[in-house]
Amino acid sequence: MGSRPFEPSIETDFTERLDYSGYLCLDTLLSAQKPLSDPPHHDEQLFIIQHQTSELWMKLVVHELRAAREFVRHDELGPCFKILARVKQVQRMLFEQWAVLETLTPSEYAQFRSVLGRASGFQSHQYRLVEFLLGNKDQDAVRVFRHREAVFAELEEELNSPSIYDEFLRLLARRGFALPAEVTERDWSQPYASHYSVVAAFKQVYDQPAEHWDAYEMAEKLVDVEEYFLFWRYRHLKTVERIIGFKMGTGGSSGARFLEQALKIRLFPELWDVRTEIGR
């Protein structure tokens, strides 16, 4: 068996110095898994870590989408391309994680599901922030967070703010595309509704990509994000079906049937509709 020497230059004394664990707050992070089953069920650790890891990735997605939106507000699309490419890769990680949870069998989950009480992924405020940032606004969903004052306020603010797609359309209007006020100055708390003028604007972009290159690239990056979001939703649905079938969700929803309805939601409808018009 081969070996490698311990290099003398490697630091070994971290007395009163920042080390890897301290920088990452690993004592806090690795002690945050607290199974409630009694005696502790072996697979509850998987269930907790799976969801905690997802929340960390979603924290990054929120961070990145907010940054991208700010660049769009200042008419800078270039920096968004790397940001949205990163978001897409994080979404890919979130998608692949479902494969780990799918190693949990229905009989194993049934042995500790009761300890969740009414706790449910529906109560993930970061997931809701992602949805709001992408434009899927839902006033009713915010009520779930009334018991958490700071979270509720953050969601209310995001509910009433333009999504990244709204800001992109406003940028196009500033560049002279014929978009009416009902698109660019609407009630941001309401779900976005497709408008024919936006399809026409995107057709100009796609018909003449060389003249509108950054808008063209931004449109494709947004399509990437929505596509991968849909992949995630679909994998979530199939994982739920695989593990609990069509039981009610712990948070009171209809479970898989509720998740299936989300597959019909389109975040950036005109970016899909314009594809039918291109080349006509």
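**Exercise 1. The largest cavity**

Task: list the residues that line the largest cavity, then describe the lining by element and by class.

Solution.
Step 1. The lining of the largest cavity is made of Met58, Val61, Val87, Gln91, Leu94, Tyr127, Val130, Leu134, Phe229 and Trp232.
Step 2. Two or more of these residues come from each of α3 (44-73), α4 (78-101), α6 (125-134) and α12.
Step 3. By class, nine lining residues are nonpolar, one is polar and none is charged.
Step 4. The space enclosed is about 100 Å³. The model is a predicted one, and two cavities of 30 Å³ or more are found in it.

**Exercise 2. The second largest cavity and Arg233**

Task: state which residues line the second largest cavity, and say whether Arg233 is buried or exposed.

Solution.
Step 1. Glu226, Phe229, Leu230, Arg233, Ile265 and Leu267 form the lining of the second largest cavity, which holds about 30 Å³ of space.
Step 2. This lining has four nonpolar and two charged residues, with no polar ones.
Step 3. Arg233 sits in helix α12, which runs over residues 213-244.
Step 4. The relative accessible area of Arg233 is 5%. The limit for a buried residue is under 20%, so Arg233 is buried.
Step 5. With neighbours within four places in sequence set aside, the contacts of Arg233 are Tyr127, Glu131, Asn136, Ala262, Leu263 and Ile265. Of these contacts, Ile265 also appears in the lining of the second largest cavity, while Tyr127 also appears in that of the largest cavity.

**Exercise 3. Salt bridges across the sequence**

Task: for the salt bridges Arg174 to Asp75, Glu102 to Arg235 and Glu185 to Arg170, give the N to O distance, the location of each partner and what is known of the exposure.

Solution.
Step 1. The whole structure contains 22 salt bridges. Side chains of opposite charge can pair when their charged atoms come close.
Step 2. Arg174 and Asp75 are joined at 2.8 Å, N to O. Arg174 belongs to helix α9 (residues 164-174) and Asp75 to the loop between α3 and α4, so this pair links distant parts of the chain, 99 residues apart.
Step 3. Arg174 has a relative accessible area of 43% and is therefore partly exposed. Asp75, at 39%, is partly exposed as well.
Step 4. In the pair of Glu102 and Arg235, the N to O distance is 3.3 Å. Glu102 is in the loop between α4 and α5 (106-110) and Arg235 is in helix α12, so the bridge ties together parts 133 residues apart in sequence. Both partners, Glu102 and Arg235, are buried.
Step 5. For Glu185 and Arg170, the closest N and O atoms are 3.1 Å apart. Glu185 lies in the loop between α10 (181-184) and α11 (196-207), and Arg170 in helix α9, so parts 15 residues apart in sequence are tied together. Glu185 counts as exposed because its relative accessibility is 53%.
Step 6. Glu185 and Arg170 also belong to a network of salt bridges that includes Glu70, Arg73 and Glu167.

**Exercise 4. Helix α3 and its end**

Task: compare the expected span of α3 with the distance between its end C-alpha atoms, and state which residue with a positive phi follows α3.

Solution.
Step 1. α3 has 30 residues. The expected span is 1.5 Å times one less than the number of residues, so for α3 the value should be 44 Å.
Step 2. The end C-alpha atoms of α3 are 43 Å apart, which agrees with the expected span.
Step 3. After α3 comes Asp75, with a positive phi near 60°. Asp75 is also the partner of Arg174 in a salt bridge.

**Exercise 5. The second largest pocket**

Task: name the element that gives the largest share of the lining of the second largest pocket, and describe the lining by class.

Solution.
Step 1. The second largest pocket has a volume of about 210 Å³.
Step 2. Its lining consists of Leu29, Leu30, Ala32, Gln33, Ile49, Gln52, Thr53, Glu55, Leu56 and Gln126.
Step 3. α3 gives five residues, the largest share of this lining.
Step 4. Five of the lining residues are nonpolar, four polar and one charged.

**Exercise 6. Gly78 and Trp213**

Task: state how far apart the C-alpha atoms of Gly78 and Trp213 are, and place Gly78 in the structure.

Solution.
Step 1. Gly78 is part of helix α4 and is partly exposed, at 41% relative accessible area.
Step 2. Along the chain, Gly78 and Trp213 are 135 residues apart, and their C-alpha atoms are separated by 10.0 Å.

How values were computed:
Residues numbered from 1 in each chain as written. Predicted model: local features only at pLDDT ≥ 70, side-chain atom pairs only at ≥ 80, totals over all residues. Heavy atoms only, no water. Helix = DSSP H or I, 4+ residues; strand = E, 2+ residues; numbered from the N terminus. Buried < 20%, exposed > 50% of the residue type's maximum accessible area, 1.4 Å probe, protein only. Contact = heavy atoms within 4.5 Å. 1 Å grid on protein atoms, 1.4 Å probe; cavity = no way out; pocket = protein on both sides within 12 Å on 5 of 7 lines; lining within 4 Å. Points joined across faces, edges and corners; volume = space filled by probe spheres on them. Nonpolar A, V, L, I, M, F, W, Y, C, P; charged D, E, K, R; others polar. Salt bridge = Lys/Arg side-chain N within 4 Å of Asp/Glu carboxyl O.
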